[in-house]
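Please look over the sequence and the structure below, and then follow the paragraphs that come after them, which go from contacts between side chains to the pairing of strands.

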Amino acid sequence: ASFTISLRTVDNVTVMIKLKPGVSMGCQIRGKSFIRSELKIKPGVNVTFTFTCSTPEKYFIMEIQKNIDCVSGPCPFGDVHLYPPGLPRLNRTFIWDVKASTKAGLELKFSTPWLRQVEPGETCPDFVRYNINSCIDTATVNIGTFCRNGSVSRVKLLGGVIMSLHLPWDSSLTTSGFNIANRASIKRLCIIESILKGESSVTLMSPNYPLGFPEDELMTWQFVVPSNMRASVFFHNYSLSNCERKEERVEYYIPGSISNPEVFKLSDSQPANIPGSFNLSLQGCDQDAQNPGILRLLFQVVVQHPQVDENVTHLVDLSKEWNMTVTIHFEGWPGRTPLMSEPICLICKDPRTCDRVLTLVSGAVYKISFLCKDLSRLRITAEKGISCIDLRWCQRKIYSLSVPQAITQLPIRLHKFIWKLLAPDLINIEITSPSLKLQQHVPEQRCNTSYSYSIVSATPETELNVGVFCPGGSIEKIQMRNNITISLKTFGKGFLNESNHQDLKMSFVPHIKDECTFTLSPDPKAKVYLQTPNWPYGLPPYVSISWYVVVPSKQVARLEFSKDRMGITCETGRAYVNIKEETLGAEETVRREDELLPKPRNMYHDFWVNVSNCKPVDKTHLSLQFRVTLADKQIDLGLILAVVAGAGVLTAIGLTVYCVKKKKKKSQNPMVGVYNANVNTQMPGKQGLFTKGRKNNESHVYAVIDDAMVYGHLLKESNGSVAPEVDVYRPFDGPMGSLPPSPPPFSFRKDIKRSPTTEEPPPLTDTDHDTYTFAHQKSGKSEGNGDTNEKNNGDTSMSLLENKEKDGLEE
């Protein structure tokens with residue numbers, strides 16, 4: 001297609017067609033006597049041309065600049081037109097350069113739907129973009145970049161203006177959308193008028209944003225708000241310059257206020273709940289020439305209807321609290337920033353001091369109100385610090401970790417309450433839940449309560465996530481060595497009813513051995529699922545964790561691990577699992593990381609489970625889960641039969657002894673048995689079935705079991721003095737402590753060297769839970785022969801017989 005552009009001299013318009021930046025020359029402009037990649041048409045020139053391609057909008061852009069002189073000649077007030085007509089369909093920019101005196105500024109008035117300010121470089125939905133620059137002498141200030149469909153209705157500028165309108169190649173817009181209204185001296189950089197109708201919001205920026213507001217300048221925003229509406233101002237982003245003289249500030253002119261203008265720092269909470277229209281001014285300062293800094297401001301004005309309950313106040317009494325802050329905020333704070341278009345919820349500590357976020361501190365009393373249609377969008381986050389400096393004083397005190405009533409009575413949902421527990425070296429922290437007890441949140445046994453506790457133990461090197469816990473379990477006590485953060489998080493609305501039953505307590509205790517120790521007291525027939533801290537990422541290197549499980553006297557506990565091995569490889573040190581019952585003589589079961597974990601076993605007494613980590617190699621971590629199941633003790637029929645049989649034997653022995661004694665009393669000449677060692681009792685003939693002679697084997701040795709050998713431990717429990725006459729297992733009867741079992745220090749541990757032919761010990765069976773294991777000692781080889789053994793045995797038997805006969809004679 002052929003295009004003809006005819007420019008009148010009086011219009012003072014120049015047209016420039018040029019290639020897009022970064023686009024290769026794939027198309028050219030062809031005239032009657034030329035072919036080129038750029039074309040400039042000056043005032044008073046007519047040009048007819050065409051393009052060498054069918055899609056010139058991919059290659060070319062066009063600028064149309066009109067110069068207007070409002071200084072030496074009359075200013076063309078009224079609508080500004082798009083001139084000239086019949087331009088090619090290219091991306092085009094119309095530029096109006098209006099010269100004006102600083103004594104008589106210009107006013108630009110925009111037709112509906114008005115303008116909306118955006119950050120420089122932001123794309124408008126319809127790709128139609130305005131840019132306004134103020135020209136004062138030789139200086140140019142970017143007032144702002146705007147899209148259509150907004151609230152900015154007028155802009156008054158000091159001095160001249162350069163107005164730009166960017167249109168896409170397919171835009172059907174035929175008017176500029178603004179006019180030059182009049183000239184007026186304003187004695188400030190600019191005035192921007194914003195008309196807000198109904199519930200709405202507007203975002204505005206200071207000139208030259210984000211590069212910096214001009215030094216020692218003053219500008220004003222005029223907000224037109226219906227008298228029956230309320231407006232609130234929020235500063236979302238600002239920075240301050242380095243002032244040598246004066247002070248940067250914002251000033252409000254609010255009709256009806258008794259203190260106009262109201263002056264605020266940019267760091268202050270800005271006025272809220274303003275009835276009707278108001279003005280906001282930004283004042284700069286004289287900046288430091290060496291280090292001027294940047295003054296900039298991005299803010300939001302929100303208009304909404306008066307709230308029905310805006311006069312309803314809620315008393316928050318924090319006068320008796322210490323080291324606590326309460327923050328009322330919108331949902332998702334602080335990670336999420338609310339959208340400008342979202343309905344706003346304001347929290348006010350007085351009728352004019354309102355904000356999206358309000359922080360209250362302990363030691364004061366507040367009367368707050370809410371400007372919000374839906375209070376369910378608000379949340380409360382509170383934080384309280386508890387510390388101990390002198391253990392002699394704070395060890396005697398028990399702290400209650402419960403949410404104060406001043407918070408629970410508010411019509412706002414509690415999102416999180418955080419306790420930061422600080423303890424110096426050699427002072428540790430103990431968490432208890434006497435009545436409710438705690439349940440660990442694990443995949444097999446999830447919490448379904450209205451709140452839970454997340455416990456994190458902080459060390460100088462690392463952070464140990466102890467786990468998530470909720471009320472209604474078996475954990476009575478948790479002891480930790482380091483500073484602790486406990487976060488109570490709520491779910492749903494049920495916490496308001498359950499908050500009255502909180503019983504979490506905290507106290508400071510002397511130094512403990514492990515990083516963390518749990519004390520459990522399961523209910524009868526309970527199933528308790530437990531897992532190591534830092535799940536599923538694994539314990540930190542060289543950390544030791546213990547569980548102490550209380551087993552009721554009429555119960556038996558079944559201990560089961562969820563997997564066969566620890567699943568780690570140690571780079572340095574060793575990882576251990578230790579299990580030990582808290583009873584006299586109990587054996588300690590120890591497994592290393594290269595061994596199978598213990599099989600399921602029954603525990604008849606209170607017991608310890610200890611997990612100690614090494615320094616694992618990369619990509620391996622120590623994470624264990626185990627289960628404790630309680631059940632009633634079952635009556636062992638074999639044990640009953642053994643007891644009955646034992647009682648029968650004892651009865652028979654007693655009757656026999658009684659009869660023998662009676663018979664001995666009647667006998668006047670008791671016979672005495674004499675052992676003759678020289679008599680050969682071996683019958684001559686063929687060799688028997690044994691491969692060695694009777695003298696060389698022990699087939700003739702009969703075990704004589706004394707009563708004390710069988711019932712020695714019973715006699716001992718009854719303070720008896722009879723000691724067993726053979727070497728049997730003696731349970732440990734020394735002092736027992738309350739500390740958990742633990743492997744030797746890492747510096748003293750040595751790997752067990754095993755020969756290739758040494759067989760691995762068989763895996764534990766269900767009988768591995770026996771309390772006592774008898775260590776049978778192999779007797780050494782005697783230097784004598786069988787006759788010597790017979791003699792020794794004979795002497796012993798003779799001695800016993802003689803003693804019993806003497807007893808009979810004496811009786």
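In this model, which is predicted rather than determined by experiment, a good place to begin is the contact between K246 and D216, whose side chains form a salt bridge with 2.6 Å from N to O. K246 is found in the loop between β21 (243-245) and β22 (249-253), while D216 belongs to the loop between β18 (200-205) and β19 (218-224), so this salt bridge ties together parts that lie 30 residues apart in sequence. With a relative accessible area of 52%, K246 is exposed, because the cut-off for that word is over 50%, whereas D216, at 28%, is partly exposed. As a general point, side chains of opposite charge can pair when their charged atoms come close.

The structure holds 20 salt bridges, and another of them joins K18 to E63, with the closest N and O atoms 3.6 Å apart. Here the two partners come from distant parts of the chain, since K18 sits in strand β2 (residues 13-19) and E63 in strand β7 (residues 60-69), 45 residues apart. K18 has a relative accessibility of 26% and counts as partly exposed, and E63, with a relative accessible area of 31%, is partly exposed as well.

A further salt bridge brings together the side chains of K384 and E321, at 3.6 Å from N to O. K384 is part of strand β34 (residues 378-387), and E321 is in the loop between β28 (314-317) and β29 (324-330), so the pair ties together parts that are 63 residues apart in sequence. How buried or exposed is K384? Its relative accessible area is 16%, and K384 is therefore buried, as the limit for that word is under 20%. Elsewhere, salt bridges with shared partners connect R574, R592, E593 and D594 into one network.

From side chains we can turn to strands. One open sheet is built of four strands in the order β18-β27-β20-β24, and their pairing is antiparallel. The edges of this sheet are β18 and β24 (274-275), each of which has a single partner strand, so one side of each is left without a neighbour in the sheet. Within the sheet, strand β20 (residues 230-241) pairs with strand β27 (residues 293-304) in the antiparallel sense, over 10 bridges. To follow this pairing at the level of single residues, the reader can find N237, which stands opposite L298 in β27.

How values were computed
Residues are numbered from 1 along each chain as its sequence is written. This is a predicted model: local features need pLDDT of at least 70, side-chain atom pairs count only at pLDDT 80 or more; totals for chains, interfaces and linings use all residues. Side-chain values use heavy atoms; hydrogens and water are left out. A salt bridge is a side-chain nitrogen of Lys or Arg within 4 Å of a carboxyl oxygen of Asp or Glu. Helices (H or I, at least four residues) and strands (E, at least two) are DSSP runs, numbered from the N terminus. Buried means under 20% relative accessible area, exposed over 50%, partly exposed in between (1.4 Å probe, protein chains only). Two strands pair if DSSP finds at least two bridges between them.
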